[in-house]
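Biologist: I should be grateful for a close look at a single chain of this model, with its parts described in a connected way.
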Amino acid sequence: MSRPDGVTTHTLRLELVDEPGELAAALDPIAENGGNLLSVFHERGSRTPGGRIPVEVAVDCPAGKFEDVVDGLREQGVTVVAADEEYYGEAFRVLLTGHLVDTDLSGTLREIENESTVSVEELSLTAPDGVEAISSAYLRLGARSGERGAALDRVREIAERKDLIVVEPLEVGE
Amino acid sequence: MRLAVMGVGAVGRAVAELAGQYGHDVIGLADSTGAAMGDPLDIEEALARKQETGVVGERPHEELLAADYDVLVEATPTTLGDAEPGFSNAAAALSRDRHVVLANKGPVAERYADLRAAVEESAGELRFEATVGGAIPAVRTVEDLGPERVDRVRGVLNGTANFVLTRMAAEGLGYDHVLAEAQELGVAEADPSFDVDGTDAALKGVIVANVLREARGEEALSLADADVTGIDELPTSALSLAGEDGRTVRLIVDASASGVRVGPRLVPENGTLAVTGTQNIVQIETGHAGRLNLSGRGAGGAETASAVLADVGRLPPR
């Protein structure tokens, strides 16, 4: 929803820990980063399986500021489950295991991102036995709606070529 | 019903021991060397002999297959490829118009079409609840819902692999360490390769897929058609990474009429499919009934025998 003044409305889905002051703390970064809070929706009694409280927030933002709002929330330690469903809603996780470093990890990530709609949003790497041994990487990938299947095919193909094991998320590619 | 039990492993033994409680007589029990027969057979005595001498009886298998039983319970070890001797035992009983209840996965996973052809020619019926998910009534639930209305069946169908993954994630222990522990506890067999390389789970997936495909007039699958990855190469550190994000890894079977996939998958740590230890879960997705989850013990002698005896109970009198 874009308006002539460049201000756009966005929706965020957050998950909050059930503690006093959590909601206020979660909303601060919105104003700090130039966002204008329009509404907060929380279905009373609703809980995630992990016991968190799902909250939906609508925000007006000047052009280009929305990313800052999301970053600000994440820095505050707020779990952003989805930001504008269309783009982030399709974020998904993939676990890769094998000789990741020896097979050029940054090359692997670049290849995944070469698929123009896929972005590596987060990466955790662990190599407890040194970089020359088996290591594992946990990736959070962003892909546009309906393109997760294709993104996953890409990861699978790279993994096969580099002899890596892919642990796919269950909910993807159905 | 009068039962002939082929196979004296954990399942065959438990079927023989529990049959009386379900109102059935066992008239013969056979291991790989020979058969014990009686009318009815003294189970305690036959099993004691097996315990002492390693052999349950001296009578030839052919004699038991030709005996006067109503139901043949096939509980010999699962074999791949030609699925023998399980397949021939089942075929022999069907050719004499006897019912067959399978605990052996081989014939239904590897030779489903041949087995169905034998059932077509027979007045006997075939049931195989015990081949998928041990005590969990997976096949029967799919049948009750109507296999043509079941879109997909997913689940955790190997307790050994699940135990290993659960322990690795919870304790941060290495694969070899946990597997050795599983063997000490009797959760894993001396040769656990079929459990950890995904073969056992895949056989169960193929069996379910065959039921779904049959209802849609499609040809049966075998193990070779399944896409299988095991858990034997997963490092503990990979599980820790997933854990930091509230997720964990489970060896998931994904069976539909279009095929079977088995492999480690990321699932929410507190999600339905993240059963722990040796538990199994079967998740059935249907057109009209939504999603059903059945969890329980997926292996064990008495548990699997309960599925065999439930099958026997559903058979019509001969």
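Which domains does the domain assignment give for chain B, and which residues belong to each?

Modeller: Residues are numbered from 1 along each chain as its sequence is written, while chains are lettered from A and ligands numbered from 1 in the order in which they are written. This is a predicted model, in which local features need pLDDT of at least 70 and side-chain atom pairs count only at pLDDT 80 or more, whereas totals for chains, interfaces and linings use all residues.

The assignment divides chain B into domain 1 (2-134 + 302-314) and domain 2 (138-298); such bounds come from an automatic or database domain assignment. Taken over C-alpha atoms, the centres of domain 1 and domain 2 of chain B are separated by 26 Å. In contact across the boundary are 15 residues of domain 1 of chain B and 18 residues of domain 2 of chain B, contact meaning that the C-beta atoms of two residues, placed from the backbone, lie within 7 Å. On the side of domain 1 of chain B that touches domain 2 of chain B, helix 5 (105-110) and helix 6 (112-120) of chain B each supply at least two residues. Helices (H or I, at least four residues) and strands (E, at least two) are DSSP runs, numbered from the N terminus. Helix 5 of chain B gives the largest share of that side of domain 1, four residues. By class, that side of domain 1 has seven nonpolar, four polar and four charged residues. Here Ala, Val, Leu, Ile, Met, Phe, Trp, Tyr, Cys and Pro count as nonpolar, Asp, Glu, Lys and Arg as charged, and the others, Gly among them, as polar.

Ala130(B) lies in the loop between strand 6 (126-127) and helix 7 (138-145) of chain B. Ala130(B) is buried because 28 other C-beta atoms lie within 10 Å; the cut-offs, for C-beta atoms placed from the backbone, are 20 or more for buried, 12 or fewer for exposed, and partly exposed in between. Not counting residues up to four places away in sequence, Ala130(B) touches residues including Leu102(B), Thr304(B) and Asp311(B). Ala103(B) is 27 residues from Ala130(B) in sequence, yet their C-alpha atoms are 4.9 Å apart.

In strand 9 (247-256) of chain B, nine of the 10 residues are buried. Strand 9 of chain B pairs with strand 7 (residues 150-156) of chain B in the antiparallel sense over four bridges, where a pair requires that DSSP find at least two bridges. In this pairing, Arg152(B) stands opposite Ser256(B). Strand 9 of chain B also pairs antiparallel with strand 10 of chain B, over 10 bridges, and a hairpin joins the two through two residues. Ala255(B) of strand 9 faces Val260(B) of strand 10.

Chain B also meets chain A: 22 residues of chain B are in contact with 16 residues of chain A. Helix 12 (236-244), strand 9 and strand 10 (259-268) of chain B each give two or more residues to this side, with helix 12 of chain B providing the largest share, six residues. Strand 10 of chain B runs parallel to strand 8 (residues 165-169) of chain A, joined by two bridges, and Glu168(A) stands opposite Arg265(B).
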